[in-house]
Amino acid sequence: MSETQVTSTLDTTGKCCPMPMVETNKAIKALAIGDVLEIIATDVGTRKDIPSWCERMGQSLLSMTEEGGVLRYHVRKNR
Amino acid sequence: MNSMAIVVRDDSYDKILTPLAFAYLTASEGTQVDMLFVNWAVKALTAEGAAALRIDGQHAAEEAMVREGVAKAGLPPEVYDIIKALKGTGCVNFYACSLAGAIFGVNEGNLIPEAEGIVGAAWFLNEKAAKADHYQYF
């Protein structure tokens with residue numbers, strides 16, 4: 001479990017591409033620079049989608065964990 | 001990627017989902033997406049035509065399962081509602097091909113308000129597809 005201070009949590013459990021990424025884009029826009037978004041997902045496509053999205057969008061992927069089919073990402077908003 | 005152009009030809013419910021999903025993905029990142037609907041797919045840009053989209057061919061009997069899967073994935077199961085969601089991103093433009101409109105019965109009278117209008121393919125290919133960072137054809 002990460003000790004990162006989470007600002008906001010987005011739960012996309014059960015949803016599949018494109019919705020986890022569509023909702024992640026919306027959620028990050030609502031945050032301030034430096035805030036940390038926690039994304040919970042069950043779509044295995046996010047294993048690659050979210051790290052590459054972070055790189056492309058200039059955000060920082062602080063952690064990525066997987067337990068019992070639930071993926072949890074912590075993303076710090078940089079821009 | 002700043003811009004993407006998509007030509008949509010296939011009009012069955014299942015096959016039109018992919019270009020719409022790709023457009024939704026990229027538009028949510030702020031990419032400008034221009035979509036030209038040609039052939040039978042032009043009817044998806046009418047309320048009646050969008051509602052009438054079905055799965056055809058060998059997978060026709062599996063339509064209920066597909067629609068349920070679409071809803072579970074988080075997308076609206078109705079194509080018109082997906083179009084509205086895409087329009088809501090502010091980054092997607094829908095165009096009806098004028099030839100397809102003339103052949104398949106789509107005109108300015110029945111075009112959905114979310115569509116930009118009826119355009120010639122030459123304009124779309126030169127002004128949108130050729131200038132886009134990425135171009136797809138479905």
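**Exercise 1. Determine whether A:Thr13 is buried, partly exposed or exposed, and describe its surroundings.**

*Step 1.* A:Thr13 has a relative accessibility of 45% and therefore counts as partly exposed. The classes are buried (under 20% relative accessible area), exposed (over 50%) and partly exposed (in between), with a 1.4 Å probe and protein chains only. The model is predicted: local features need pLDDT of at least 70, side-chain atom pairs count only at pLDDT 80 or more, and totals for chains, interfaces and linings use all residues. Residues are numbered from 1 along each chain as its sequence is written, chains are lettered from A and ligands numbered from 1 in the order in which they are written, and side-chain values use heavy atoms, with hydrogens and water left out.

*Step 2.* A:Thr13 is placed in the loop between S1 and H1 of chain A. Helices (H or I, at least four residues) and strands (E, at least two) are DSSP runs, numbered from the N terminus.

*Step 3.* Apart from neighbours within four places in sequence, A:Thr13 is in contact with A:Ile40 and A:Thr42; contact means heavy atoms within 4.5 Å. The side chains of A:Thr13 and A:Asp11 are joined by a polar contact of 2.4 Å. A polar contact is a pair of N or O atoms within 3.5 Å; within protein, one must be able to donate a hydrogen and the other to accept it, and residues adjacent in sequence count only if both atoms are side-chain atoms.

*Step 4.* A:His74 lies 61 residues from A:Thr13 along the chain, and their C-alpha atoms are separated by 15 Å.

**Exercise 2. State how many of the residues of helix H1 of chain A are buried, and what covers them.**

*Step 1.* Helix H1 of chain A spans residues 19–29; nine of its eleven residues are buried, so the helix is largely enclosed by the rest of the structure. Among the buried residues are A:Met19, A:Glu23, A:Asn25 and A:Ile28.

*Step 2.* The cover from chain A includes strands S1 (8–11), S2 (36–41) and S4 (70–76) and helix H2 (46–57). H1 and H3 of chain B also belong to the cover.

**Exercise 3. Characterise the contact between chain B and chain A.**

*Step 1.* Chain B contributes nine residues and chain A 14 residues. The area buried between the chains is about 960 Å², with 61% from carbon and sulfur atoms; buried area is the accessible area (1.4 Å probe) that two parts lose on being put together, summed over both. In chain B, the residues that lose the most area to chain A are B:Leu25, B:Ser28 and B:Glu29, together 50% of what that side buries.

*Step 2.* One salt bridge is counted between the chains. Its definition is a side-chain nitrogen of Lys or Arg within 4 Å of a carboxyl oxygen of Asp or Glu. A:Arg56 and B:Glu29 meet in a salt bridge through their side chains, at 2.4 Å from N to O. Three residue pairs are in polar contact between the chains, both residues being at pLDDT 80 or more.

*Step 3.* On the side of chain B that touches chain A, helices H1 (13–28) and H3 (63–73) each give two or more residues. The largest share, four residues, comes from H1(B).

**Exercise 4. Identify how the rings of B:Phe22 and B:Phe138, and of B:Tyr95 and B:Phe124, are arranged.**

*Step 1.* Over all chains, the structure holds five aromatic pairs. Rings of Phe, Tyr and Trp (its six-membered ring) pair if their centres lie within 6.5 Å; planes under 30 degrees apart count as stacked, over 60 as edge-to-face and the rest as tilted.

*Step 2.* The ring centres of B:Phe22 and B:Phe138 are 5.8 Å apart and the planes stand at 80 degrees, so this pair is edge-to-face. B:Phe22 belongs to helix H1 of chain B and B:Phe138 to the segment after strand S5 (134–137), 116 residues apart. B:Phe22 is partly exposed at 33% relative accessible area.

*Step 3.* B:Tyr95 and B:Phe124 also form an edge-to-face pair, at 6.0 Å centre to centre and 65 degrees between the planes. B:Tyr95 is buried at 7%, and B:Phe124 is buried at 0%. B:Tyr95, B:Trp123 and B:Phe124 form one aromatic cluster.
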